[in-house]
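Me: I have a structure open and want to go through it by question and answer. Please keep each reply short and end on the value or name I ask for.

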Amino acid sequence: MIYEKQPGVPKFECTEYAEKSSDYVVLIPIINEGKRIHTELQRAKDSRISEYADIVVCDGGSTDGCTQENILRELDANTLLVKKDTGKQGAQLRMGIWWAIQRGYQGVITIDGNNKDSIEDVPRFIEKLKEGFDLIQGSRFIEGGKGINTPWVRDLSVRLIHAPVISMTAGQRFTDTTNAYRGYSMRYLKDERVQPLRDIFMSYELLAYLSVRATQLGMKACEIPVTREYPANEKTPTKISFFKGNSELLKILFKNLFGAYRPEDVK
C-alpha cells in the first residue's frame, strides 16, 4: 500500500507481513545494509524479540536486495516501510513514528540496522517504558554497558563534545548521545509541545531534538546499559562521512542547543 506525502510524513510504501501483535514496536531505519541487517534480525529472532515487540524495517530505498520479502518474513519482521520521498534518517524515522501512531502502539524503540547494537536488550527498554519513562537512552558508557572496537575519534567526540552539549541542553546528564538505540513513550511522541512529525527533521536533527525535549518538558528520562560493537579490522559501518557528516552533526548539535527545533521557535 502506498501512503501519499502529507505534512511531516514522507510518501512511503507499506507491506505488512503480519498484524499488530504487541503494544510496542521496534523501528529499524536502514539503507543498503546488506547482510548486516539480516544478521541483526537473526539475533532478534534467536532472542525472541518478536514476542516483546513488532519489528518494523524503515527502508530509505535500498537497492542491494537486503529487503527481500522472503528473507524479512523468515526473520520475523512484522512490516516493511519503504520511503519514496526525500530525506535521510530523520525522514525514515518520521515515517515509522507516524505508522506506529496509526497502529496504536504504546511505545517505540529505535535501533540502527547495521548490527552494531545489542538488539537482545529490547525487553529492557520495554521494562522502562512500562515503568513510566518517556525517553530511554541506551549507553555503552555507563555501568553494565560495553563499547567494543569504538573508533577513538568517535569515542572522544561523544564524550567531550556531543554528550556534554546535549546534557546541557536537556538539563540532565546523558553519556551516549549519538546512539540511536532509544525508547520513546507514545505520550512523549504525541505531545503537542514535541511534534516530531515535521519536515525540518530530514537527517540527524530528530535524534538530537528528541534527546533533549523530554526533560525540557519535565518528562522522565533515563539511560540503560547496552552494547555497541564495531567490527574489528573492517570499515566502520556508518552513514556519517568524516568531514561533511561530522560537521553537519555539530551544526545540528548547536542549533538544537539554541532551540531551533522547538515548535514554538520554528518560524
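Me: Is Glu143 buried or exposed in this model?
Reply: The model is predicted, so the values here are computed from predicted coordinates. Glu143 sits in the loop that connects β7 (135-139) to β8 (146-148). Its relative accessibility is 80%. The cut-off for exposed is over 50%, so Glu143 counts as exposed.

Me: What distance separates the C-alpha atoms of Glu143 and Ile224?
Reply: Along the chain, Glu143 and Ile224 are 81 residues apart. Ile224 falls within β10 (221-225), an edge strand that pairs on one side only. The C-alpha atoms of Glu143 and Ile224 are separated by 8.8 Å.

Me: In what order do the nine strands of the open sheet run, and which are the edge strands?
Reply: The sheet has mixed pairing, and its order is β1-β2-β5-β4-β3-β6-β9-β7-β10. An edge strand here pairs on one side only. The edge strands are β1 (2-3) and β10.

Me: Which residue of β4 stands opposite Pro29?
Reply: β3 (residues 24-30) and β4 (residues 54-59) run parallel and are joined by six bridges. In this pairing Ile30 stands opposite Asp59. The residue opposite Pro29 is Cys58.

Me: What angle does helix α1 make with β3?
Reply: Helix α1 covers residues 35-46 and packs on the sheet. The strands touched by α1 are β3 and β4. The direction of α1 makes an angle with that of β3 of about 165°.

Me: How many residues of β3 are buried?
Reply: On one side of β3, Tyr24, Val26, Ile28 and Ile30 are buried. On the other side, Val25, Leu27 and Pro29 are buried as well, so both faces are covered. β3 is therefore largely enclosed by the rest of the structure, and the count of buried residues is seven of seven.

Me: Which residue of β6 stands opposite Tyr24?
Reply: β3 also pairs with β6, in the parallel sense and over four bridges. Within this pairing, the residue opposite Tyr24 is Gly107.

Me: What is the bridge partner of Phe12 in β5?
Reply: β2 (12-16) and β5 (79-83) are listed among the strands that helix α3 lies across. Five bridges join β2 to β5, and these two strands run antiparallel. The partner of Phe12 is Lys83.

Me: Which residue of β5 stands opposite Val57?
Reply: β4 and β5 are joined by four bridges in the parallel sense. Val57 lies in this pairing, and the residue opposite is Leu80.

Me: How many residues of β5 are buried?
Reply: Thr79, Leu81 and Lys83 point one way from β5, and Leu80 and Val82 point the other way. All of these residues are buried. β5 is mostly covered, and its buried count is five of five.

Me: At what angle to β5 does helix α3 run?
Reply: Helix α3 spans residues 89-103. α3 lies across β1, β2, β3, β4, β5 and β6 (107-110). Its angle to β5 is about 135°.

Me: What is the relative accessibility of Arg94?
Reply: Arg94 lies in helix α3. Leaving aside neighbours within four places in sequence, its contacts include Gly8, Val9, Pro10, Phe201, Met202 and Leu206. Buried means under 20% relative accessible area, and Arg94 counts as buried at 1%.

Me: What is the volume of the second largest pocket?
Reply: The lining consists of Ile101, Leu189, Lys190, Asp191, Glu192, Gln195, Pro196, Leu197 and Arg198. By class, that makes four nonpolar, one polar and four charged residues. The pocket volume is about 170 Å³.

Me: What is the phi of Asp76?
Reply: Asp76 is in the loop between α2 (69-74) and β5. Asp76 is partly exposed, with a relative accessible area of 29%. Although Asp76 is not a glycine, its phi is positive, at about 70°.

Me: What is the phi of Asn115?
Reply: Asn115 is found between β6 and α4 (122-130), in the loop. At 21% relative accessibility, Asn115 counts as partly exposed. Asn115 is not a glycine either, yet its phi is positive, at about 65°.

Terms used: Residues numbered from 1 in each chain as written. Predicted model: local features only at pLDDT ≥ 70, side-chain atom pairs only at ≥ 80, totals over all residues. Heavy atoms only, no water. Buried < 20%, exposed > 50% of the residue type's maximum accessible area, 1.4 Å probe, protein only. 1 Å grid on protein atoms, 1.4 Å probe; cavity = no way out; pocket = protein on both sides within 12 Å on 5 of 7 lines; lining within 4 Å. Points joined across faces, edges and corners; volume = space filled by probe spheres on them. Nonpolar A, V, L, I, M, F, W, Y, C, P; charged D, E, K, R; others polar. Pairing = 2+ DSSP bridges. Contact = heavy atoms within 4.5 Å. Axes fitted to C-alpha atoms, helices over the stretch in contact; angles between N-to-C directions.
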